[in-house]
Amino acid sequence: MIATIISIVTAVATTNAVPPESTWWPSDLPPRVGTPLVETDEQHDDRMAWWRESRFGLFIHWGLYAIPGGYWEGRRTGGAEWILNSVKIHPDDYMPLQQQFDPVDFDPMQWVMMAKNAGMKYIVITSKHHDGFCLWPSELTDFDVEGTPFGRDILGELAEACRNEGIVLCLYHSIMDWTRPDYLPRRAWDDRPSDGADYQRYVAYMKGQLQELVDRYQPAVLWFDGEWEGTWTHEDGQAMYDFVRTIDPAVIVNNRVDTGRTGMAGLTRSGGYRGDFGTPEQEIPATGMPFGVDWETCMTMNRSWGYQSFDMAFKPTEDLVRKLVDITSKGGNFLLNVGPDERGRFPNESIERLAEIGDWMQVNAESIHGTFASCFTELEWGRCTRRNLADGDQRLYLHVFESPTTGMVRLPGLLNAPAGRGAYLLADPAVGPLAIERDGADLTIRLPDGMVAGIDTVLVLDIEGPAIVVSAPSIDVAEPVFLESTELGFSAASDRVEIRYTLDGTAPEIGSTLAGDSPVEIRRSATVQARCFFDGSPVGTIATTALRRVEPLRAVQTLTSRPGLRWTTHLGAFERVADFADIEPSAEGIAASIDLSMQPRPENFGIRFTGFLEAPRTGIYRFSLDSDDGSRFILGDAVVVDNDGLHSALEKNGVIALEKGLHPLRLDYFEGTGQDDLILKWSGPGFELQPIRPEALKR
Ligand code: FHN
């Protein structure tokens, strides 16, 4: 009997929960109790307020790599800020670039003014990138700007220019360091001996430099990066976050300080991973994040972070403005990058785009700064950003990218009445008020005759009270599978709409069953469809979910069972869990719980766990499998969670009905390179999501 499995990929959310005291707290620091780390939600909001209000910042990647600029030994190699790694340059051959660093055209005030005029509120500059070169005179290393022909304190001069112009200075700092002798792992071609290397001495060096940076330049954000090599652990990340927040309680720290980032998607996994905001890179989340999660997309203007003269793939200004608007409409910040050349000049193409963005921001900045996420799930003609008004009303900024052929923009499901001045053009309020009509649950605004949207034309609409938008109702049910019966509930954004539903998969109509306040009992498999109705007309989209009545997976009888699972380890560079099924184990043993305590080496290995899982009672069980890299969880002949493949931290869920008793278990996992993690949790009748206790694992 194949049990019915529903596989669900779980969204991950940033958590700021401060985990309980543990041994990772540095002994040389004052005890944590009462320190700024244990902040209330209100204190957290206060700390994040300027950052959330800013919405738009300038990223600057600058260092020795601007000298080669993607060329090495007369050859165009690419690599930009990664050139040491991409071209496999020995540190002894790379570090002498220090003697060539003389950016005579460096003008911090010019940089700051270009950012400010573009409507940017903060600057994040690389204090130290992966090559280990420091853009400030550090007491802790000679591999810094002081040892160059230029000799000036670049960060100090930039900090002063920022202060003078009200721009917030923030610092990018790389954990990974390809030239520092104590940093591990070495690059494969770096034959400097590593036996004398002391990684924790490197961490102390990094903390010492961060203390210098905080003391001298008071960065408002510490933007960590390079956290993905296995030598940097979750414990190191927690300790570093707490360290910098203790030396400067107001500092904001991104999620790359710790190891909970989900790859380039940038979100932070649940479970106490540190970081005040998520960091999607070169991508914008399709639908934004769960409301209230702080995140910032960082992106290049061309394709390179560091300077490369031949990289002319610059994004058009219209694209950059619309990315800023799209990100803001999803509740995020936009960190847009420039890579200055070896003389300290921004590329002309970057200068032009910053100026053109500034032209748009000159007129429309209020639709970006201080606004928050849209109240609509999708708008055919553009985006929406909004702000709260003092009197409890809300102001909607309607960003029209494409003028609809109907000559009006439709606001689907917006139940609020217009307030204040109604609707008008932000760029020219005299062109108004624009005609507003209610069409059922929708509002429509007629555009000025002949209006051409251009890059983005912003309409303003004030509404009474916080936005109430009716879209699809939510269908509330415990799990998509059930044994005897389950209960079904419905909810919508407003009680001014009716919810009607069907159980046979047909589209709800005005004559379909009306959802009441009490739950609906379901005893047979059903395909539920639900829709909102306003004044007798359907509004918003249809919500649907399939409910399956299933039989539990039968338990097996065994003569004896002992505590613990059997494990085997397998060596090799795998890309899928199936790759090691037939490889002779390199070791084997018994484990009381599912973890990586038996891993044979940092990278390129597989582990198989086999045994039995004891279900305490018959019922529906949900399993959460979070791994980096791939994994697969099987009970009996059912694949409960398939989280296979080469990927960074990723959590997937699966649901299965189990009979009380023992079920054959197999969990396969493999690690490629970089971070590694394997976390299996379950929830079931009478207990919430939690790690599987050793008592439930047998063999
Ligand atoms: O390796 C770095 C890269 O050089 C650059 O700094 C980007 C910017 O976020 N971060 C890392 C790649 O994810």
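## A pocket shared by two domains

The lining of the largest pocket draws at least three residues from domain 1 (53-367) and at least three from domain 2 (382-463). Keep in mind as you look around that this is a predicted model. The volume of this largest pocket is about 790 Å³.

In total, 33 residues line the largest pocket, and those nearest its centre are Ser-329, Lys-330, Gly-331, Ala-373 and Ser-374. To find the lining on screen, you can start from three elements that each supply at least two of its residues: helix H1 (41-54), helix H8 (317-329) and strand E11 (382-388). By residue type, the lining of the largest pocket holds 13 nonpolar, 10 polar and 10 charged residues.

## Around the ligand

Now turn to the ligand, which has 14 residues around it. His-61, Glu-81, Trp-82, His-130 and Asp-225 are the closest of these. The shell is made up of 7 nonpolar, 3 polar and 4 charged residues.

Which side chains place a polar atom beside an oxygen atom of the ligand, and at what distance? His-130 has a polar side-chain atom 2.7 Å from a ligand oxygen, and in the side chain of Glu-281 an N or O atom lies 2.8 Å from an oxygen atom of the ligand. Asp-225 pairs with another element: a polar atom of its side chain is 2.6 Å from a nitrogen atom of the ligand. On its own, the ligand has 330 Å² of accessible area, and the protein covers 93% of it.

## Backbone spots worth a look

Most peptide bonds are trans, and most residues other than glycine have a negative phi. Here are some places where the backbone of this model departs from that pattern.

Leu-184 and Pro-185 are joined by a cis peptide bond, with omega at about 0°. Pro-185 sits in the loop that runs between strand E6 (168-174) and helix H6 (199-217). Further along the chain, the bond from Asp-628 to Asp-629 is cis as well, and its omega is near 15°. Asp-629 belongs to the loop between strand E29 (619-628) and strand E30 (631-635).

Where is Glu-73, and what is its phi? Glu-73 lies in the loop between strand E3 (71-72) and strand E4 (75-76), and its phi is near 50°, a positive value in a residue that is not glycine.

How values were computed
Residues are numbered from 1 along each chain as its sequence is written. This is a predicted model: local features need pLDDT of at least 70, side-chain atom pairs count only at pLDDT 80 or more; totals for chains, interfaces and linings use all residues. Side-chain values use heavy atoms; hydrogens and water are left out. A residue is near a molecule or strand if one of its heavy atoms lies within 4 Å of it. A polar contact is a pair of N or O atoms within 3.5 Å; within protein, one must be able to donate a hydrogen and the other to accept it, and residues adjacent in sequence count only if both atoms are side-chain atoms. Accessible areas come from the Shrake-Rupley method with a 1.4 Å probe; for residues, only the protein chains shown count as cover. Ala, Val, Leu, Ile, Met, Phe, Trp, Tyr, Cys and Pro count as nonpolar, Asp, Glu, Lys and Arg as charged, and the others, Gly among them, as polar. On a 1 Å grid over the protein atoms alone, a cavity is a set of points where a 1.4 Å probe fits but cannot get out, and a pocket is an open set with protein on both sides within 12 Å along at least five of seven lines; lining residues have an atom within 4 Å of a point. Grid points are joined across faces, edges and corners, and a volume is the space filled by probe spheres set on the points. Helices (H or I, at least four residues) and strands (E, at least two) are DSSP runs, numbered from the N terminus. Domain bounds come from an automatic or database domain assignment.
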